[in-house]
Amino acid sequence: MSVPPAYIPATQRPDGTWRKPRRVRPGYVPPEELDVYESDGRRFERERLAMGVVGNIPKETPKSKSLAQKPKQKKIAQKKDTKPKQNKKQEPKQPPPTAKSKVQEPQEFDPSKQQRKLQKKLREIERLQEQQASGVEINAEQKEKLSRKSELEKELQSLSL
């Protein structure tokens, strides 16, 4: 006697289209339902860890690493809480350093490199002046850049001498 074939019913995909029903042999188990393969060595190691050390009375151990780390985090938090709190009015907080406020160590001074930087800044200022002349509205930072044109030109002249 032959057993009638089993069917996996049609299912709808996330995009709304439908999959066709599939005919499968009797006894078929979909791959999602199969047990994950475990090698003999891994199984042995798992069983050995579950058994523990002979003669040892196990303490309560957490089941995951995150649970093991929580007591440490609590201790750190307690240490932070036990530190004496300083009055905020005594020491005003310094703003975080920005690119402009960082103290740069003296580097080798390369006049040609400095000259190229200044020329680039002047080209940007020229571009801004053209935009302003054509009627494009410029913001405060751009106006500040335009006001530095004479300083940059003087610096470029001193480098070229």
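Is glutamate 38 buried, partly exposed or exposed, and what is its relative accessibility? Glutamate 38 counts as partly exposed, at 27% relative accessibility. Keep in mind that this is a predicted model. The protein chain has 161 residues, and 7% of them count as buried. Here's a quick tour, from the overall layout to the charged pairs, the core and the surface.

**Overall layout**

- The protein chain holds 5 helices and 2 strands.
- Reading from the N terminus, the order of elements is β-β-α-α-α-α-α, so the strands come before the helices under the numbering used here.
- Helix 1 covers residues 40-51, helix 3 takes in residues 111-133, and helix 5 spans 149-160.

**Salt bridges**

- Searching the whole structure turns up 5 salt bridges, and three of them are described below, starting with the pair that includes arginine 46.
- As a general point, side chains of opposite charge can pair when their charged atoms come close.
- Arginine 46 pairs with glutamate 38, and their closest N and O atoms sit 3.0 Å apart. That counts as a salt bridge because the cut-off is 4 Å.
- Arginine 46 is partly exposed, with a relative accessible area of 44%, and its partner glutamate 38 is also partly exposed, at 27%.
- Arginine 48 bridges to glutamate 45, with 2.5 Å between the closest N and O atoms.
- Why are arginine 48 and glutamate 45 separated by about one helical turn? Because they are 3 residues apart in helix 1.
- Arginine 48 is partly exposed at 41% relative accessibility, and glutamate 45 is partly exposed too, with a relative accessible area of 33%.
- Lysine 149 makes a salt bridge with glutamate 126, the closest N and O atoms being 3.1 Å apart. This pair ties together distant parts of the chain: lysine 149 belongs to helix 5 and glutamate 126 to helix 3, 23 residues apart.
- Lysine 149 counts as buried, since its relative accessibility is 17% and the cut-off for buried is under 20%. Glutamate 126, at 37%, counts as partly exposed.

**Nonpolar core**

- The largest nonpolar core is made of 8 residues: Leu118, Leu122, Ile125, Leu128, Ile138, Leu146, Leu152 and Leu156. Helix 3 and helix 5 each contribute at least two residues to this core, and helix 3 gives the largest share, 4 residues.
- Helix 3 and helix 5 therefore turn up twice: they supply residues to this core, and they hold the two partners of the lysine 149–glutamate 126 pair.

**Positive patch on the surface**

- Which residues gather in a patch of positive charge on the surface? They are Lys113, Arg116, Lys117, Lys121 and Arg148.
- One of these, lysine 121, lies in helix 3. Lysine 121 is partly exposed, with a relative accessible area of 43%, so it clears the over 30% cut-off for patch residues.

**Glutamine 114**

- Glutamine 114 also has its place in helix 3.
- With a relative accessible area of 23%, glutamine 114 is partly exposed; it does not count as buried because that label needs under 20%.
- How far apart are glutamine 114 and glutamate 155 in sequence and in space? They are 41 residues apart in sequence, and 9.6 Å apart in space, C-alpha to C-alpha.

Conventions
Residues are numbered from 1 along each chain as its sequence is written. This is a predicted model: local features need pLDDT of at least 70, side-chain atom pairs count only at pLDDT 80 or more; totals for chains, interfaces and linings use all residues. Side-chain values use heavy atoms; hydrogens and water are left out. Patches are made of residues with over 30% relative accessible area and no salt bridge: like charges are joined within 9 Å, nonpolar side chains (Val, Leu, Ile, Met, Phe, Trp, Tyr) within 5 Å. Accessible areas come from the Shrake-Rupley method with a 1.4 Å probe; for residues, only the protein chains shown count as cover. A salt bridge is a side-chain nitrogen of Lys or Arg within 4 Å of a carboxyl oxygen of Asp or Glu. Lys and Arg count as positive and Asp and Glu as negative; His and the chain ends are not counted. The place of a charge is taken as NZ of Lys, CZ of Arg, CG of Asp or CD of Glu. Buried means under 20% relative accessible area, exposed over 50%, partly exposed in between (1.4 Å probe, protein chains only). A nonpolar core is a set of buried Ala, Val, Leu, Ile, Met, Phe, Trp, Tyr and Cys residues joined through side-chain atoms within 4.5 Å.
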